[in-house]
Amino acid sequence: MKQNNPYLTGFSRHLFGSAKRNLQADFQKKAQQIGSSCISDLSMLFEPILPRLFMNEVSHSQRVRYYDSLSTFWAWTSQVLDGNASCSKAVSNVQSWRKQLGLSVPSPDTGAYCRARSRLDTEMLSAISERVGSTMSNRIREEDKWHGFTLKAIDGSSVQLMDTAENQHDYPQPCGQKPGCGFPVMAVCGVLNLSHGAWEGFSTSKWSDHDLSATYNLLNHFNQGDLLLADRAFCSYELISLLKQKGTQSLMRLHQARARKIDWRKGRRIGPNERILTWKKPGQPGGSQLSKKEWSELPNTLEIRVIRFTYRNRSGEKSTMYLATTLLDNERYDYSEINNLYMQRWEIEVKLRDMKTTLGMDLLRVKTPDMAKLSLQVMFIAYNLVKALMQEAAIAASIPVNALSFKGGLDTIAAYKSLYLGHHHHWRKRHFIHEGMISIMAQQRINIRPLRHEPRARKRRPKKYQLLTSSRNSFREISHRNTYKKTA
């Protein structure tokens with residue numbers, strides 16, 4: 001009886017004939033290409049940061065499929081780098097990659113890809129994130145630090161999710177909005193390493209929770225020799241004490257409750273605009289997540305150096321700002337140096353804008369909270385991968401890491417990634433392309449315009465549509481030739 005399919009593949013070809021043997025060998029070779037090249041131009045572009053062997057180890061062995069863990073990760077990464085593009089575009093990228101390798105092409109339907117995204121292992125993403133972070137930390141130069149301190153910043157923001165029952169349950173919309181008229185809002189608090197420009201971690205919570213409550217899950221990112229910059233929302237006795245126990249110094253804007261009651265005649269005078277005050281441990285606040293034993297172990301007093309200076313607020317009026325820091329040595333850490341250092345805290349605001357506006361993190365098109373967290377994890381990894389290349393470019397050009405434009409780096413990656421196609425077996429060609437990309441990226445510098453006035457206002461007028469003031473099922477439009485009138 002004639003057999004159309006090869007069998008017992010481990011035996012000598014004398015038993016089967018060369019034609020069938022070669023057919024199966026070609027199939028195995030193509031299957032190995034999938035695992036080795038990840039069918040992605042991005043995997044080759046970022047190979048100096050995420051080597052192929054490392055990616056194969058963390059992805060774990062699994063059966064060959066269109067959307068295995070590596071293919072799904074790189075497809076999702078390309079989706080993020082394209083400005084949080086649609087899943088349909090990510091599927092098109094996978095189709096293009098497989099076509100380049102001569103493999104079968106998946107269906108344009110996005111269902112299989114979306115299910116593959118939900119199966120993505122969080123441990124794999126954590127290992128990738130740790131690898132990128134450790135690579136960038138090892139590259140930090142001495143000039144990237146401040147008096148030997150590794151600079152870090154912390155701040156909170158928020159993102160909108162799709163209006164589903166699951167998202168509304170975990171991250172409800174603001175209470176001032178009517179049901180069906182708003183979106184679930186998820187608060188995000190992140191730690192940014194200013195010495196290399198990448199995010200080290202993030203924590204999520206409800207929009208109504210205070211930013212300070214999210215810091216308990218981020219304390220593991222602070223170590224001996226770090227210096228934290230934060231705004232007044234984080235200036236609390238508890239956080240400063242916890243950071244000091246870990247060997248981390250802090251520089252924050254003084255909380256408004258303390259700034260209103262400050263008596264400049266008290267404390268030890270070390271300069272006309274500097275005092276060292278002794279803070280006494282208050283009663284444990286209701287929002288504290290420490291146990292009674294942990295609270296009792298906090299020091300009873302803290303010595304805080306308070307600095308004041310005048311500045312122009314957004315209205316152009318003169319105002320006084322107070323800073324609180326644990327850097328008590330005024331001779332080693334000069335007054336003007338600390339004032340200039342606190343201005344670097346604004347870098348985290350710029351990085352949040354890059355995440356939300358450039359990468360499209362302001363609205364996550366996911367239906368469940370678990371997918372929202374997974375999306376954030378992939379977005380932070382994608383951002384850090386771009387910053388890793390920018391750090392390499394800054395080191396090669398001997399310039400500060402924050403002198404390069406993130407959008408410029410993103411555009412350079414978009415222009416060069418197609419050059420990697422077909423070169424997964426040519427190391428020298430990939431190296432030559434990489435060097436050219438880094439040299440171009442080093443030229444994408446930020447144009448500093450200190451006297452430019454940029455008010456928080458929109459020049460383009462929005463369309464004159466009605467506001468959605470009730471659920472879509474019950475809402476009725478009032479037709480008009482040119483405008484809409486607001487309805488109750």
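**Two pockets and three helix pairs**

About 560 Å³ of space lies in the second largest pocket of this predicted model. A total of 22 residues line the second largest pocket, and Ser129, Glu130, Glu200, Gly201 and His221 sit nearest its centre. Three elements, α7 (122-138), β3 (199-206) and α14 (369-397), each put at least two residues into this lining. Of these, α7 gives the most, with 6 residues. Sorted by class, the lining of the second largest pocket comes out as 6 nonpolar, 13 polar and 3 charged residues.

Two of the elements that line the second largest pocket, α7 and α14, also pack against each other. The axes of α7 and α14 come within 10 Å and cross at roughly 25 degrees. Because angles under 35 degrees count as roughly parallel, α7 and α14 are roughly parallel to each other. As for handedness, α7 passes α14 in a left-handed crossing. On the α7 side, the contact involves Thr122, Leu125, Ser126, Ile128, Ser129, Val132 and Met136. Facing them in α14 are Leu374, Gln377, Val378, Ile381, Asn384, Leu385, Lys387, Ala388 and Gln391. By class, the residues of this α7 and α14 contact split into 9 nonpolar, 6 polar and 1 charged. Ser129 turns up twice in this part of the model: it belongs to the contact with α14 and is one of the residues nearest the centre of the second largest pocket.

Then there is the largest pocket, which holds about 2,500 Å³ of space. Its lining takes in 46 residues, with Trp346, Glu349, Val350, Glu454 and Arg456 lying nearest the centre. At least two lining residues come from each of β1 (150-161), β8 (301-312), α12 (335-343), α13 (346-358) and α15. The largest share belongs to α13, which brings 11 residues to the lining of the largest pocket. In terms of class, this lining is made up of 16 nonpolar, 10 polar and 20 charged residues.

Besides helping to line the largest pocket, α15 has a helix partner. Helix α15 (residues 406-416) packs with helix α16 (residues 427-441) at an angle of about 150 degrees, and their axes are 10 Å apart. That angle makes α15 roughly antiparallel to α16, since the cut-off for this label is over 145 degrees. The crossing of α15 and α16 is right-handed. From α15, the residues making the contact are Gly409, Thr412, Ile413 and Tyr416, while α16 offers Ile433, Gly436, Met437, Ile440 and Met441. Between them, the residues of the α15 and α16 contact come to 6 nonpolar, 3 polar and no charged.

The last pair to look at is α5 and α6. Helix α5 (residues 87-100) and helix α6 (residues 111-118) have axes 9 Å apart and pack at an angle of about 95 degrees. An angle of 65 to 115 degrees counts as roughly perpendicular, so that is how α5 and α6 lie relative to each other. Here Cys87, Ala90 and Val91 of α5 meet Tyr113, Cys114 and Arg117 of α6. The residues of the α5 and α6 contact divide into 5 nonpolar, no polar and 1 charged.

Notes. Residues numbered from 1 in each chain as written. Predicted model: local features only at pLDDT ≥ 70, side-chain atom pairs only at ≥ 80, totals over all residues. Heavy atoms only, no water. Axes fitted to C-alpha atoms, helices over the stretch in contact; angles between N-to-C directions. Helix = DSSP H or I, 4+ residues; strand = E, 2+ residues; numbered from the N terminus. Left-handed = near helix turned anticlockwise from the far one by under 90°. Contact = heavy atoms within 4.5 Å. Nonpolar A, V, L, I, M, F, W, Y, C, P; charged D, E, K, R; others polar. 1 Å grid on protein atoms, 1.4 Å probe; cavity = no way out; pocket = protein on both sides within 12 Å on 5 of 7 lines; lining within 4 Å. Points joined across faces, edges and corners; volume = space filled by probe spheres on them.
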